[in-house]
Amino acid sequence: MLEKYYPYEYARNVFAIDYKKLYAQGFRGLIFDIDNTLVHHGEPSTERVDKLFLYLKKIGFKTILLTNNDENRVQLFIKNIDTDYICDADKPSPEAYLKALEKLGLPKEQTVSLGDQMFIDIVGANCVGIPTILVHYVKAPGEIWLGFKRYIEMAVMLVYRLRPKYTHRLGNIIKRGKRK
Ligand SMILES: [Mg+2]
């Protein structure tokens with residue numbers, strides 16, 4: 001019953017993923033949520049994120065940003081990044097993900113979707129059959145308040161971690177050791 005909320009993998013942030021290993025497995029497209037996945041909600045991109053997108057392109061990945069936020073938000077974020085995007089996406093609607101696949105020109109089997117919200121990013125992509133990575137949400141410095149949904153997510157993650165059939169379904173793609 002909870003399976004549709006289970007990500008294929010969990011990462012402490014988008015930088016902790018070994019994208020070369022994903023590419024070696026045959027993945028060619030990456031769908032990214034923006035807010036609290038790549039940067040804190042509403043903020044422009046950072047140098048580190050800009051570099052990540054250059055790196056992904058160098059590896060050979062096609063990327064697309066998929067956000068429920070609007071065009072203005074994307075434009076603020078995307079300044080130094082060359083990537084396709086869909087705004088006002090209406091996630092977790094499956095149509096949002098089908099549209100992203102269509103824009104990427106890739107089948108779901110060659111695409112990975114990354115986001116910070118289990119009940120939006122993960123369930124939406126899972127419904128379409130796109131492999132998913134749940135990324136720990138980006139916090140603002142000093143932020144301690146957690147929304148109610150985050151507690152529910154944590155509870156589901158506790159159950160998920162006890163189900164080896166569902167964890168690490170993309171193999172050994174998490175870089176260990178570094179906390180940043
Ligand atoms: Mg988000």
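Which residue lies over the face of Tyr10, and at what distance from the ring centre? Arg161 does, at 5.1 Å, and View 4 returns to this pair. These legends describe a predicted model, in which local features need pLDDT of at least 70, side-chain atom pairs count only at pLDDT 80 or more, and totals for chains, interfaces and linings use all residues. Residues are numbered from 1 along each chain as its sequence is written, and side-chain values use heavy atoms, with hydrogens and water left out.

**View 1. Three aspartates hold the magnesium ion.** Asp33 (OD), Asp35 (O) and Asp116 (OD) are its protein donors, lying 2.1 to 2.2 Å from the ion. Donors are N, O and S atoms within 2.8 Å of the metal (3.2 Å for Na, K and Ca); water is not among the atoms, so sites may look incomplete. Along the chain, the donors follow the spacing D-x1-D-x80-D. Asp33 sits in the loop between strand S2 (29-32) and helix H2 (47-59), and Asp116 in the loop between strand S5 (111-115) and helix H5 (118-128), so this pair ties together parts 83 residues apart in sequence. Helices (H or I, at least four residues) and strands (E, at least two) are DSSP runs, numbered from the N terminus. Both Asp33 and Asp116 are buried, meaning under 20% relative accessible area, with exposed over 50% and partly exposed in between (1.4 Å probe, protein chains only).

**View 2. Tyr5 meets Phe119 edge-to-face.** Rings of Phe, Tyr and Trp (its six-membered ring) pair if their centres lie within 6.5 Å; planes under 30 degrees apart count as stacked, over 60 as edge-to-face and the rest as tilted. Here the centres are 5.1 Å apart, with 70° between the planes. Tyr5 belongs to the segment before strand S1 (9-11) and Phe119 to helix H5, 114 residues apart. Both rings' residues are buried.

**View 3. Tyr23 and Phe61 form another edge-to-face pair.** Look for 5.3 Å centre to centre and 85° between the planes. Tyr23 lies in helix H1 (residues 19-24) and Phe61 in the loop between H2 and strand S3 (62-66), so the pair ties together parts 38 residues apart in sequence. Tyr23 counts as partly exposed at 24% relative accessibility, while Phe61, at 6%, counts as buried.

**View 4. Arginines lie over aromatic rings.** A charge sits over a ring if NZ of Lys or CZ of Arg is within 6 Å of the ring centre and within 35 degrees of the ring normal. Arg48 lies over the face of Phe15, at 3.9 Å from the ring centre, and Arg161 lies over that of Tyr10.
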